[in-house]
Structure formats: structure tokens, C-alpha cells
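Grab a pencil and work through these exercises one at a time. Try each task yourself before you read its solution.

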Amino acid sequence: MIKYKINDNIKPGELDCFFRGWKSPPSLKMKGKLLNGSDLIVTAREDGMLVGFLTAISDGAMHAFISLVEVLETHQGKGIGSHLMRRVVDYFKGYYDIVLITDPDKALFYKKHGFHEVYSMYIRDFEYERRK
Ligand SMILES: CC(C)(COP(=O)(O)OP(=O)(O)OC[C@H]1O[C@@H](n2cnc3c(N)ncnc32)[C@H](O)[C@@H]1OP(=O)(O)O)[C@@H](O)C(=O)NCCC(=O)NCCS
């Protein structure tokens with residue numbers, strides 16, 4: 001059975017099996033930093049093992065940004081990502097906006113949770129770790 005928890009403690013090493021297919025996945029040090037810096041962490045665990053997680057940052061009033069949603073490859077397609085999304089949308093209910101950045105092939109997944117496409121702008125740096 002999968003157990004979900006809000007603001008569970010994740011050890012950086014528990015994220016080693018995630019970020020598959022990323023062009024520049026975060027190092028262990030960076031994983032620790034992003035976990036410490038997140039305002040919301042939602043975990044999905046099976047017999048204690050982390051099988052999915054979601055992180056978000058927020059100003060605590062109007063705006064929330066979902067920074068990561070990841071489910072282990074072996075556990076995808078079983079409703080875990082959807083459950084994580086329902087928890088985050090519920091957590092930030094009443095906020096002016098909840099935003100995230102994704103690829104077009106994931107759009108349908110987020111649309112199922114009430115997200116709409118918007119015009120947006122960003123700077124992305126694939127060398128981000130090397131510049132720290
Ligand atoms: C995207 C992701 C979080 C979805 O989690 P999941 O647990 O596999 O998704 P669910 O089982 O809850 O699927 C819910 C629905 O979304 C659909 N869906 C899941 N992944 C999808 C994808 N990549 N593209 C389109 N639809 C998708 C499922 O088919 C399902 O549809 P249904 O309700 O009609 O059956 C997960 O596949 C994942 O971690 N992928 C790798 C990392 C990633 O891409 N993260 C998102 C970065 S923006």
C-alpha cells in the first residue's frame with residue numbers, strides 16, 4: 001500500500017533513483033539544497049521506500065510553484081503522480097495561482113488536474129551546477 005505524507009523528511013540519497021532521462025540531473029549536494037529550500041514536500045512511500053515525491057515553493061499567500069513531480073519508473077501509471085497532484089492542489093487551495101513548467105508531452109497529465117496552458121518566459125541554464 002502506498003502511504004502519502006505532507007512535509008515528510010527525504011534524505012538526499014533517496015532521490016538517487018529519480019531524475020532518469022534528465023540532461024543535467026542534480027548532484028547529491030544539490031538534492032540536499034533543493035529539499036531544504038522547498039516549502040512543501042509530498043512523499044509517496046511503499047513499505048517505507050520513496051516511490052514518488054513532489055516539491056513546491058511558495059510566498060505563503062498568493063503564489064505557489066511546483067518545482068518537481070517525480071514517480072519511480074517502476075511505479076508510473078499507477079495513480080501515484082495524480083495523488084501527489086491532488087494533495088498539492090488541495091494544499092494551495094485559495095491561492096491566486098499555482099504554476100509549473102513542463103514539456104508538451106506531459107500537458108495532458110496536468111490538464112487532468114485543472115492546469116491551463118499560459119504564455120510564460122524563463123531562463124534555463126543546463127550548466128547550473130558548474131556555476132555554483
Ligand atoms: C509524469 C508523472 C509524474 C506522472 O505520474 P504517474 O504516477 O505515472 O501518473 P498517473 O498514474 O497518476 O497517471 C494519471 C493519468 O495521467 C496520464 N499520464 C501519466 N503520465 C503521463 C505523461 N507523461 N503524458 C501524458 N499523460 C500521462 C496517465 O495515462 C493517466 O491517465 P488516466 O487517468 O486517463 O489513466 C510520472 O510519469 C513521472 O514521474 N515521469 C517522469 C518524471 C517527469 O516527467 N516528471 C514531470 C516533470 S514536469
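**Exercise 1. Find which residues surround the ligand, and say which are the closest.**

Step 1: Count the shell. The ligand has 16 residues around it, where a residue is near a molecule if its C-beta atom, placed from the backbone, lies within 6 Å of it. The closest are Val71, Gln76, Gly81, Ser82 and Thr102.

Before you go on, two notes on the model. Numbering starts from 1 along each chain as its sequence is written. The model is predicted, so local features need pLDDT of at least 70, and side-chain atom pairs count only at pLDDT 80 or more, while totals for chains, interfaces and linings use all residues.

Step 2: Ask which elements supply the shell. Strand 4 (63-71), helix 2 (80-91) and helix 3 (107-111) each give at least two residues to it. Helices (H or I, at least four residues) and strands (E, at least two) are DSSP runs, numbered from the N terminus.

Step 3: Sort by class. The shell holds five nonpolar, six polar and five charged residues. Here Ala, Val, Leu, Ile, Met, Phe, Trp, Tyr, Cys and Pro count as nonpolar, Asp, Glu, Lys and Arg as charged, and the others, Gly among them, as polar.

**Exercise 2. Work out how strand 4 and strand 5 pair, and which unit they make with helix 2.**

Step 1: Look at the direction. Strand 4 and strand 5 (residues 97-100) are parallel, with four bridges; two strands pair if DSSP finds at least two bridges between them.

Step 2: Pick a matching pair. Opposite histidine 63 you'll find aspartate 97 in strand 5.

Step 3: Add the helix. Strand 4, helix 2 and strand 5 build a right-handed β-α-β unit. Right-handed means that, with the strands pointing away from you, the path from the first strand over the helix to the second runs clockwise.

**Exercise 3. Trace the pairing of strand 1, strand 2 and strand 3.**

Step 1: Start with strand 1 (residues 2-6). It pairs with strand 2 in the antiparallel sense over five bridges, and lysine 5 has threonine 43 in strand 2 as its bridge partner.

Step 2: Move on to strand 3. Strand 2 and strand 3 run antiparallel too, joined by seven bridges. Threonine 43 turns up again here, opposite phenylalanine 53 in strand 3.

Step 3: Check the turn. Strand 2 and strand 3 form a hairpin with two residues between them. Aspartate 47 in that turn has a positive phi of about 50°, and it isn't a glycine.

**Exercise 4. Describe the largest nonpolar core.**

Step 1: Count and name. This core has 16 residues, and Leu54, Ile66, Leu84 and Val88 have the most contacts inside it. A nonpolar core is a set of buried Ala, Val, Leu, Ile, Met, Phe, Trp, Tyr and Cys residues joined through C-beta atoms within 7 Å.

Step 2: Find the suppliers. Strand 2 (40-46), strand 3 (49-58), strand 4 and helix 2 each supply at least two residues of this core.

Step 3: Zoom in on isoleucine 66. Skipping residues up to four places away in sequence, it touches Leu54, Ala56, Val88, Ile98 and Leu100; contact means C-beta atoms, placed from the backbone, within 7 Å.

**Exercise 5. Are these residues buried, partly exposed or exposed: phenylalanine 19, aspartate 47, histidine 83 and serine 120?**

Step 1: Learn the rule. Buried means 20 or more other C-beta atoms within 10 Å of the residue's own, exposed means 12 or fewer, and partly exposed is in between, with C-beta atoms placed from the backbone.

Step 2: Try phenylalanine 19, in the loop between strand 1 and helix 1 (28-37). Phenylalanine 19 is partly exposed because it has 13 other C-beta atoms within 10 Å.

Step 3: Try aspartate 47. It has 8 other C-beta atoms within 10 Å, so it is exposed.

Step 4: Try histidine 83, which sits in helix 2. It has 16 C-beta neighbours inside 10 Å, so it counts as partly exposed. Apart from neighbours within four places in sequence, histidine 83 is in contact with Tyr4 and Ala44.

Step 5: Finish with serine 120, in the segment after helix 3. With 7 C-beta neighbours inside 10 Å, serine 120 counts as exposed.

Terms used:
Contact = placed C-beta atoms within 7 Å.
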